[in-house]
Amino acid sequence: MKLTVQDLNSHYGPAHILFDIGFEVGEGEVVALLGRNGAGKSTTFRSIVGLVAQRTGRIVFEGKNVSAKPTHEIVREGLGYVPEERRIFTDLTVEENLEVGRQPKRPNAPHWDREKLFALFPNLGEMKNRPGGRMSGGEQQMLTIARTLMGNPSLVLLDEPSEGLSPKIVEQMVDAILTMKKEGVSIVVSEQNLHFARLISDRAYIIERGRICFGGTMAELDARPDIRDAHLSL
Ligand SMILES: Nc1ncnc2c1ncn2[C@@H]1O[C@H](COP(=O)(O)OP(=O)(O)OP(=O)(O)O)[C@@H](O)[C@H]1O
Ligand SMILES: [Mg+2]
């Protein structure tokens, strides 16, 4: 397995948020983590990369137990994280933002450079020298993903990549994610949008109130409209 999460429990202060979360991601798979607002998707991702102080459980990435490692070490192992809030540098240009994400090549992960990233996100190639602050939300979202790919991750966590995007930009995002998969990047994508998730994912887990309540292929989920209707808002 590329990534295994076992018995993950997370708290914010006195509030218990995640309860025994467990899921797996195979080599080269795209796995969706589906759930409504406040279900615990972002907390799950933040816990995996070590950004939630109070968490217990086991996170195994490429056979290594990274549960106790600090965030910068986990990222340096090749686990990329694209947060929900697009954290680009507004005063830096597109190219400069990409440089911020640069990490050495990794033997077990596809290598990305500017040219390859501008092919993946043609929009960005047309605004190489534009400051991040003068880009649309969708363009900033693409830049955040491209910057993470500059680190040559073998797996990326994408937190709601379709959120707030126009239909045309959503289409480009689908194409980009499918290309990333084809290149060999394993992907976990959190989503509320089942339609978007269906276009890109091999399998899905549903999280509700901090617990995983379904895991299966997209076809298995489509065969269970009861589960879909009970746990997802469409
Ligand atoms: N920093 C925090 N301190 C306290 N509680 C928090 C914090 N961040 C999130 N929560 C709570 O944890 C729960 C899970 O939130 P989380 O952001 O993980 O959900 P989500 O599934 O990502 O939702 P969304 O789709 O709205 O992004 C919610 O009840 C939220 O209010
Ligand atoms: Mg979230």
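A residue counts as near a molecule if its C-beta atom, placed from the backbone, lies within 6 Å of it. The model used in these exercises is predicted.

**Exercise 1. The shell around ligand 1**

Find how many residues surround ligand 1, and state which elements supply them.

Solution.
- Step 1: Apply the cut-off. Ligand 1 has 13 residues around it. The closest are Tyr12, Asn37, Lys41, Ser42 and Thr43.
- Step 2: Assign elements. Strand S2 (15-25) and H1 each give two or more residues to this shell. H1 gives the most, with three.
- Step 3: Sort by class. The shell around ligand 1 holds four nonpolar, seven polar and two charged residues.

**Exercise 2. The hairpin of S1 and S2**

Describe how S1 and S2 pair, and locate the turn between them.

Solution.
- Step 1: Take the pairing. Strand S1 (residues 3-12) runs antiparallel to S2, and seven bridges join the two.
- Step 2: Pick out bridge partners. His11 is matched with His16 in S2, and Tyr12 with Ala15 in S2. Tyr12 is also among the closest residues to ligand 1.
- Step 3: Look at the turn. Two residues separate the strands of this hairpin. Gly13, in the turn, has a positive phi of about 55 degrees.
- Step 4: Place the hairpin in its sheet. The open sheet has four strands in the order S2-S1-S4-S5, with antiparallel pairing. S2 and strand S5 (64-65) are the edge strands, each pairing on one side only.

**Exercise 3. The six-stranded sheet**

Give the strand order of the open sheet of six strands, and explain why one side of S6 and of S10 has no neighbour.

Solution.
- Step 1: Read the order. The strands run S6-S7-S8-S3-S9-S10, with mixed pairing.
- Step 2: Check the ends. Strand S6 (79-82) and strand S10 (211-217) are at the edges with a single partner strand each, so one side of each lacks a neighbour in the sheet.
- Step 3: Add the twist. Neighbouring strands of this sheet are turned by 15 degrees against each other on average, direction ignored.
- Step 4: Examine one pair. S9 (residues 203-208) and S10 run antiparallel, joined by six bridges. Arg203 is opposite Thr217 in S10.

**Exercise 4. Helix H1 across the strands**

Determine which strands helix H1 lies across, and at what angles to S7 and S2.

Solution.
- Step 1: Take one set of strands. H1 (residues 41-48) lies across S3 (30-34), S6, S7 (155-159), S8 (186-191) and S9. Its angle to S7 is about 150 degrees.
- Step 2: Take the other set. H1 also lies across S1, S2 and S4 (54-61), at about 70 degrees to S2.

**Exercise 5. Core and Phe121**

Decide whether Phe121 is buried or exposed, and list contacts of Phe121 and of Ala197.

Solution.
- Step 1: Locate Phe121. It lies in the loop between helix H4 (114-120) and helix H5 (122-125).
- Step 2: Count neighbours. Burial needs 20 or more other C-beta atoms within 10 Å. Phe121 has 22, so it is buried.
- Step 3: List contacts, leaving aside neighbours within four places in sequence. Phe121 touches Met142, Ala146 and Ala176. Ala197 touches Ala32, Leu34, Val189, Glu191 and Ala204.
- Step 4: Turn to the largest nonpolar core, which has 60 residues. Ala146, Ala197, Leu34 and Val189 are among those with the most contacts inside it.

How values were computed. Residues are numbered from 1 along each chain as its sequence is written. Chains are lettered from A and ligands numbered from 1 in the order in which they are written. This is a predicted model: local features need pLDDT of at least 70, side-chain atom pairs count only at pLDDT 80 or more; totals for chains, interfaces and linings use all residues. Two strands pair if DSSP finds at least two bridges between them. Axes are lines fitted to C-alpha atoms, for helices over the stretch in contact, and angles run from 0 to 180 degrees between N-to-C directions. Two residues are in contact if their C-beta atoms, placed from the backbone, lie within 7 Å. Ala, Val, Leu, Ile, Met, Phe, Trp, Tyr, Cys and Pro count as nonpolar, Asp, Glu, Lys and Arg as charged, and the others, Gly among them, as polar. A nonpolar core is a set of buried Ala, Val, Leu, Ile, Met, Phe, Trp, Tyr and Cys residues joined through C-beta atoms within 7 Å. A residue is buried if 20 or more other C-beta atoms lie within 10 Å of its own, exposed if 12 or fewer, and partly exposed in between; C-beta atoms are placed from the backbone.
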